[in-house]
Amino acid sequence: MLRNSLLQLSKSGAVRQTIEKAPVSRSVVRRFVPGDRTEDAVSATAELRTTNRFATIDYLGEDTADLTQAIRTRDHYIELLKALADADLSQHGMGEVSLKLSALGQYLPGDGHKIALDHAREICQAAANAGTTVTLDMEDHTTTDATLESLRELRQDFPWVGAVIQSYLHRSEADCRDLAHEGSRVRLCKGAYKEPESVAFQSSSDVDQSYVRCLKILMAGAGYPMVASHDPRLVEIAGALAAHHNRDADSFEYQMLYGIRPEEQKRIADRGNQMRVYIPYGEEWYGYLMRRMAERPANAMFFLRGLASKG
Ligand SMILES: Cc1cc2nc3c(=O)[nH]c(=O)nc-3n(C[C@H](O)[C@H](O)[C@H](O)COP(=O)(O)OP(=O)(O)OC[C@H]3O[C@@H](n4cnc5c(N)ncnc54)[C@H](O)[C@@H]3O)c2cc1C
């Protein structure tokens, strides 16, 4: 129930304004979002490198219905990629970027799909210049086909572009089968949006079981699985499947979110596995933060306690 209410609130403009203006919000948000500026994302990436963790960086923002905003988002990514290269943090995919096509103009009336794709292509070129990669985040199920179509188009020129599959969707096993081929980078996550029963599993055990079925396909395949979960059982199963398929440590990676289970992130990196941390930055943190709170009441309590004690 709490999850559904918080996911509903993530779409509410009025609540968003109140929370964004609360005097303490920003300091509480910093646990999950290191800052607003390019320098903040670059510093967080440098900090992760000291403990052998990689980064994938998301410039926050989604559902843009404004071309100027979509162009601004593209420019932020291009600036970020250059800053990562200048700081020597982008080579060999060490610091890469994650994109939401909706933030690049996918919902613009008329040729939104093409506008977002063109913006993504320019960002991919900037990533290629910096020696790194791009992953296309997956949003709600109404965009899955369009995102996978954009992925196919981008991969013609940039074969290293990564995809995301959400195990809560009924379709995901089939999508994993399509994507488990040589050179294909696939992030597997549970899925963060409120989805109807017609397209998505609703119980956590069904979502977890689907995750394991998808993971089996990806680990058995020839691609590069990216295991995005904080769930200790799934992390363990991923390790066991990788061992079963004789995968080298550099043939797959684990991924977690900035500020969530940092000690576990370091432990995974210390034992010689690849660990990548998803760093969101920018001013548009509201929707992102509400989804994190929906996932875990402890995150919501942390935020509310911060508001109550200092606000
Ligand atoms: C790198 C990355 C990229 C992602 N990209 C996308 C995307 O493109 N599209 C999308 O829809 N979703 C994305 N997500 C979000 C994802 O879909 C889930 O909503 C989110 O990861 C929570 O699911 P979980 O697998 O961590 O398990 P959950 O079911 O949230 O948690 C399972 C268990 O993990 C442990 N755990 C979780 N949080 C904590 C915590 N704060 N402290 C301690 N233990 C904790 C607990 O043991 C918990 O029982 C991404 C997630 C990651 C990590």
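**The ligand and its surroundings**

Reader: What makes the approach of Lys190 to the ligand a polar contact?

Author: In this predicted model, an N or O atom in the side chain of Lys190 is 2.8 Å from an oxygen atom of the ligand. A polar contact is a pair of N or O atoms within 3.5 Å, so the pair qualifies. A polar side-chain atom of Gln166 likewise lies 2.9 Å from an oxygen atom of the ligand.

Reader: On what basis is the model read?

Author: Local features need pLDDT of at least 70, side-chain atom pairs count only at pLDDT 80 or more, and totals for chains, interfaces and linings use all residues. Residues are numbered from 1 along each chain as its sequence is written, and side-chain values use heavy atoms, leaving out hydrogens and water.

Reader: Which residues come nearest to the ligand?

Author: They are Lys190, Gly191, Ser229, His230 and Glu295, of the 25 residues around the ligand; a residue is near if one of its heavy atoms lies within 4 Å.

Reader: How is the shell around the ligand divided by residue type?

Author: The shell holds 11 nonpolar, six polar and eight charged residues. Asp, Glu, Lys and Arg count as charged, Ala, Val, Leu, Ile, Met, Phe, Trp, Tyr, Cys and Pro as nonpolar, and the others, Gly among them, as polar.

Reader: Why is the ligand said to lie between domain 1 and domain 2?

Author: Domain 1 (1–33 + 282–310) and domain 2 (37–276) both give residues to the shell, so the ligand lies between them; the bounds come from an automatic or database domain assignment.

Conventions:
Polar contact = N/O pair within 3.5 Å; in protein donor to acceptor, adjacent residues only side chain to side chain.
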